[in-house]
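Welcome! Please take a moment to look over the model below, and then we will walk through a part of it together.

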Amino acid sequence: MPAISFDGALAVSGPSIVDGLCRAGWRMQEQFISLELSRQLAAECVQSMLSGKMKGAGVGSGHAPLLQPAIRGDHIAWLEAGRSEACDRYLEQMEALRQVLNRELFLGLDEYESHFALYAPGAFYRAHLDRFRDDDKRTVSVVLYLNDDWLPEHGGALRLHPDGGPSVDIAPEAGRMAMFLSGEMLHEVLPTARERLSIAGWFRRRA
C-alpha cells in the first residue's frame with residue numbers, strides 16, 4: 001500500500017496510522033507535522049489570542065455553550081480554509097488523514113472541524129468525552145501540539161482513560177499528534193504551568 005505523506009516530512013502508511021486506533025481506541029504519532037509548520041501555527045495561535053479573536057471555551061453543544069472555568073479553562077479560535085497558508089497546509093493533511101481512516105476503517109467520515117486551543121498557566125480541562133449526548137457526529141478526535149521545549153514540570157499532559165486499562169499521559173510536545181475515538185475515550189487536560197498551545201479537531205460523520 002502506498003505511503004501517505006504528511007507535510008512532506010514523514011511518510012506514514014495507512015495501516016500504521018490506524019493500528020492503535022483499532023486495538024486500543026487511541027494512537028499517538030510523533031512528528032506528524034514539521035517543526036517549521038508547528039511554529040507557524042503556534043505563532044498564529046498566539047496572535048489570535050493577542051488580537052482578541054480567541055474566546056473562552058464553553059461546555060456542551062448548541063449555539064451558546066456555557067462557560068464553566070471550574071471544568072474547562074482554555075480559549076479557542078475556530079479554523080477555516082483560507083485563514084492562512086499554514087492553516088491550509090494543516091487542513092490538507094487532515095483531509096489526507098480522513099481519507100486514510102475511511103479507506104482502512106470504513107468510518108464514513110464526512111467532514112473535519114477544528115480550533116486553536118490556548119491554555120494559560122493554571123488552566124485545565126476536566127475528564128470528558130468529545131461526543132455530545134444529543135449529537136453523535138463526532139467520531140475521531142485529533143489533537144496536534146504546538147509547544148517547543150516542553151518539560152515534564154510544565155504539566156499540561158493529555159490524560160487518556162482507556163476502558164479497562166491504566167491511564168496514559170501524552171505530553172503536548174511540538175509536532176506530536178494524539179488521535180482517539182470521540183465517543184469512547186474519556187480524557188482530560190492536566191493543569192499546565194506554562195502557556196500550552198494546540199489544535200483540537202474532530203472528524204465527523206453524517207447524522
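Just after helix 3 comes F106, and its phi is positive, near 55°. Keep in mind as you look that this is a predicted model.

Now step back into the helix itself. Helix 3 runs over residues 85-105, which makes 21 residues. How far apart are its end C-alpha atoms? They are 30 Å apart, and this agrees with the expected span, because at 1.5 Å a residue the helix should span 30 Å.

Many side chains may catch your eye along this helix. Among the residues of helix 3 that are buried are A86, Y90, L91 and M94, and further along the list come L97, R98, V100, L101 and N102. Q93 is buried in this helix too, and so is C87.

Let us stay with C87 for a moment. Its relative accessible area is 0%, so C87 counts as buried, the cut-off being under 20%. Does a cysteine like this have a bonded partner, or is it free of one? A search of the whole structure finds 0 disulfides. C87 is accordingly in no disulfide, and the nearest cysteine sulfur, that of C45, lies 9.6 Å away.

From the helix, turn to the strands. Strand 5, residues 75-78, pairs with strand 4, residues 55-56, in the antiparallel sense over 2 bridges. Strand 5 also pairs with strand 6, residues 109-119, again in the antiparallel sense, here over 4 bridges. A good residue to find is H75 in strand 5, which stands opposite G56. H75 also stands opposite L118 in strand 6.

Definitions and conventions. Residues numbered from 1 in each chain as written. Predicted model: local features only at pLDDT ≥ 70, side-chain atom pairs only at ≥ 80, totals over all residues. Heavy atoms only, no water. Pairing = 2+ DSSP bridges. Expected span 1.5 Å × (residues − 1). Buried < 20%, exposed > 50% of the residue type's maximum accessible area, 1.4 Å probe, protein only. Disulfide = S-S within 2.5 Å.
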